[in-house]
Amino acid sequence: MAILSGCIRTGEEAEIVNSSINLKINEPSTDYVRRNASLIKVNNGPPGVHFYVARWDREKPGAATFDHGENAFSIANILSITAVEDSLSPQEGLVKFNVNAALAATDLIGHDEARKRFLSVLQNIRKAGWHIFIDEGDPRLRGQSMLNFALSGSSSSSLDADYEPTFSEWMSTRSNMLWQFYTNHVYLTVSFSREPTLLHPQKPGAYLISFTIESENEHYRGYVPSNQRAQWKSALPSHLEYLPEMRQKKEDELRAKGVRIDETYQNPPIPNLNE
């Protein structure tokens with residue numbers, strides 16, 4: 001099982017990872033809270049949405065394992081975890097986890113070391129069997145081509161987890177750009193943020209890394225407006241139907257510029273909308 005947000009721990013530090021709490025998509029919130037009663041604070045958000053929040057001190061960070069069979073992975077140096085439950089779909093239990101962690105055990109880290117650690121996180125996710133996900137309306141690009149596309153103004157487009165940016169490219173990558181994955185009915189988004197006042201390439205910076213884990217249903221509910229969430233299955237097709245045309249238009253423009261399109265990429269299947 002991969003251990004993320006930094007490197008695999010050994011010795012005394014391994015005890016922290018071994019004592020990590022478990023995160024399970026679609027687990028009943030009552031079970032999650034019962035297991036972690038000393039950590040969890042319940043907050044109510046928008047009507048019907050419940051947040052289960054756990055926080056750790058920077059000096060004594062937490063750890064967690066996302067329990068998903070052969071695709072499981074662990075996260076170290078955690079500062080907070082927010083689990084989300086929606087009363088509109090109570091049978092689904094917890095549908096999302098937002099995890100914020102430090103990229104290193106220390107506050108400051110060299111920018112190239114941060115690059116290497118972050119890339120190691122992405123590589124470990126891939127080794128755990130997660131597939132790269134490209135939004136249905138975005139062009140099917142890989143490597144530097146996708147990085148250039150995102151940097152040109154499409155910063156919400158997913159970057160290629162298999163591509164290793166140079167140090168110069170890393171420093172040009174903006175905070176909160178996305179690396180997206182999916183496997184076995186679960187979606188994962190990874191991003192980082194860096195302290196904007198500590199950007200000198202030869203001096204240490206400060207980094208945080210964020211993981212958003214969503215059930216398949218919750219991922220696709222995100223395609224519809226909030227006022228349609230209760231009827232998201234019937235509303236979803238109309239919000240997906242224009243995306244292939246958007247992708248085709250972007251790909252045609254890029255092909256004309258000599259950019260290679262990854263014709264082998266296939267969209268993941270959408271949920272069964274008839275259930």
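How many salt bridges does the structure hold? The count is 22. Keep in mind that this is a predicted model. Here are some points to follow on the structure above.

1. **A strand under cover.** Start with strand E10, which runs over residues 186-194. E10 is mostly covered, with 8 of its 9 residues buried. It is a good place to begin, as the next two points look at the strands that pair with E10.

2. **The E9 and E10 hairpin.** Strand E9 spans residues 179-183 and pairs with E10 in the antiparallel sense, over 5 bridges. To find the pairing by eye, look for Tyr182, whose bridge partner in E10 is Tyr187. Between the two strands of this hairpin there are 2 residues. Have a look at Asn184 in this hairpin too: its phi is positive, near 50°.

3. **The pairing with E11.** E10 also pairs with strand E11, residues 207-215. The sense is again antiparallel, and this pairing has 9 bridges. A handy marker here is Thr189, which has Thr212 in E11 as its bridge partner.

4. **Arg126 and Asp162.** Now to the salt bridges, beginning with the one between Arg126 and Asp162, where the closest N and O atoms are 2.8 Å apart. The pair links distant parts of the chain, 36 residues apart: Arg126 belongs to helix H3 (residues 111-127), while Asp162 sits in the loop between helix H4 (143-151) and helix H5 (167-172). Arg126 counts as partly exposed because its relative accessibility is 28%. Asp162 is partly exposed as well, with a relative accessible area of 43%.

5. **Arg140 and Glu251.** These two side chains meet in a salt bridge of 2.7 Å, N to O. Arg140 lies in the loop between strand E8 (131-132) and H4, and Glu251 lies in helix H8 (residues 243-256), so the pair ties together parts that are 111 residues apart in sequence. Are the two partners buried or exposed? Arg140 has 14% relative accessibility, so it counts as buried. Glu251, at 1%, counts as buried too. The cut-off behind both calls is under 20% relative accessible area.

6. **Arg255 and Glu263.** Another salt bridge joins Arg255 to Glu263, with 2.6 Å between the closest N and O atoms. Arg255 has a relative accessible area of 33% and is therefore partly exposed. Glu263, at 47%, is also partly exposed.

7. **A network to trace.** Finally, try picking out Asp86, Glu92, Glu218, Arg221 and Arg229 in the structure: salt bridges link these residues in a network.

Conventions
Residues are numbered from 1 along each chain as its sequence is written. This is a predicted model: local features need pLDDT of at least 70, side-chain atom pairs count only at pLDDT 80 or more; totals for chains, interfaces and linings use all residues. Side-chain values use heavy atoms; hydrogens and water are left out. Buried means under 20% relative accessible area, exposed over 50%, partly exposed in between (1.4 Å probe, protein chains only). Helices (H or I, at least four residues) and strands (E, at least two) are DSSP runs, numbered from the N terminus. Two strands pair if DSSP finds at least two bridges between them. A salt bridge is a side-chain nitrogen of Lys or Arg within 4 Å of a carboxyl oxygen of Asp or Glu.
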